[in-house]
Amino acid sequence: MSGAAYPDDSGIQLEGSEMPLTMQWQQPIELMYRNDLPMPGAQFHSHAFYEMYYFQEGECNYLIGDKLMTLQPGDLILMHGMTLHCPNPSPEKPYVRTIIHMDPAYVHRILQNDAAAMLLKPFEDLRNIRLSLSPADQDELETLLAEMNRLYMRTNEAGIRTAYDRFVLRVIELLHLIRDWCSAPVNERAHRSLKEQHVQSVITYLEDHYVEEITLDDIAGALHLTKPYLSNLFKDVTGTTVFKYLYNRRINQAKMMFRLEPRQSVSDVCRAVGFHQLPHFSRLFKMTVGESPEAYRKRMLRLTAEGRSPV
């Protein structure tokens, strides 16, 4: 197995990223174990890597793609690459989570193609799913994560190559566990409060109409809610505003379009994702991603020319 550093291909800015800057994409699989640092407000981010997010303590609403999840300790989320996501934990309780970022191309490099495809299938078929683990499955996962962290810390502190290779083997073991857990029907909690149902309706509406001109009146009228109630409810549950969510959704779609077809012009992408003024789009893109849309487009074009898939 090779633990060669994997270059940053996620965009310079990962606003609100759960990974410390010193750890972003230094290795093809990275672990942040039992992180209890508070999140300073709800912040959206996305990245090309797959993510395993294990919620261990606290209260948290998690917005991922077009789904709103109210998490319980023992929930494991599998995230497909480039999905916009944003945790909103309660500031009044400890927020403890373990996060693994994984380059799927690396899994294909170290395993035979059939084996890699089998282990990555839950991420690619289920896409951004929550697994509500049983107490026995939680115990098994916690034991495995503790061992993974022991090996991972040895790699970081002492530069021991074999420790990272052993860490990767434990990740492969985790992927086998996840495959087993996903072989049965996934237990998705369907019981939601009325507030959560309303917020999910807003998110679904925005997902269906984000490329259009949207006003708060449009959303409130379509969902039969008053504007003040809608605005306050959305901020309370998600930690962000309706229009910050909308703009982040459009910017994330622009990033995906540049990755898939970097020869598209910035103007074409701007219009395709729902912006009508190029300066507004460029300003928000740079604020969110950390570089201008033209610089990002050229970087994706360069990666494509070098034969490195940016997706």
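This passage describes the sheet, the helices packed on it and the nonpolar cores of a predicted model. Residues are numbered from 1 along each chain as its sequence is written, local features need pLDDT of at least 70, and side-chain atom pairs count only at pLDDT 80 or more, whereas totals for chains, interfaces and linings use all residues. Side-chain values use heavy atoms, with hydrogens and water left out.

An open sheet is formed by five strands in the order E1-E7-E2-E5-E8, with antiparallel pairing; strands pair if DSSP finds at least two bridges between them, and strands (E, at least two residues) and helices (H or I, at least four) are DSSP runs numbered from the N terminus. Strands E1 (29-35) and E8 (129-132) stand at the edges with a single partner strand each, so one side of each is left without a neighbour in the sheet. Strand E5 (residues 75-79) is joined to E8 by four bridges, and Leu 78 stands opposite Ile 129 in E8. Helix H4 (residues 161-183) packs on the sheet, touching E1, E2, E5, E7 and E8, where contact means heavy atoms within 4.5 Å.

The largest nonpolar core, a set of buried (under 20% relative accessible area, 1.4 Å probe, protein chains only) Ala, Val, Leu, Ile, Met, Phe, Trp, Tyr and Cys residues joined through side-chain atoms within 4.5 Å, has 35 residues, and those with the most contacts inside it include Met 52, Leu 78 and Phe 167. Its largest share, 11 residues, comes from H4. A second, separate core of 23 residues includes Cys 86, Val 199, Leu 216 and Leu 233.

Terms used: Axes are lines fitted to C-alpha atoms, for helices over the stretch in contact, and angles run from 0 to 180 degrees between N-to-C directions. Buried means under 20% relative accessible area, exposed over 50%, partly exposed in between (1.4 Å probe, protein chains only).
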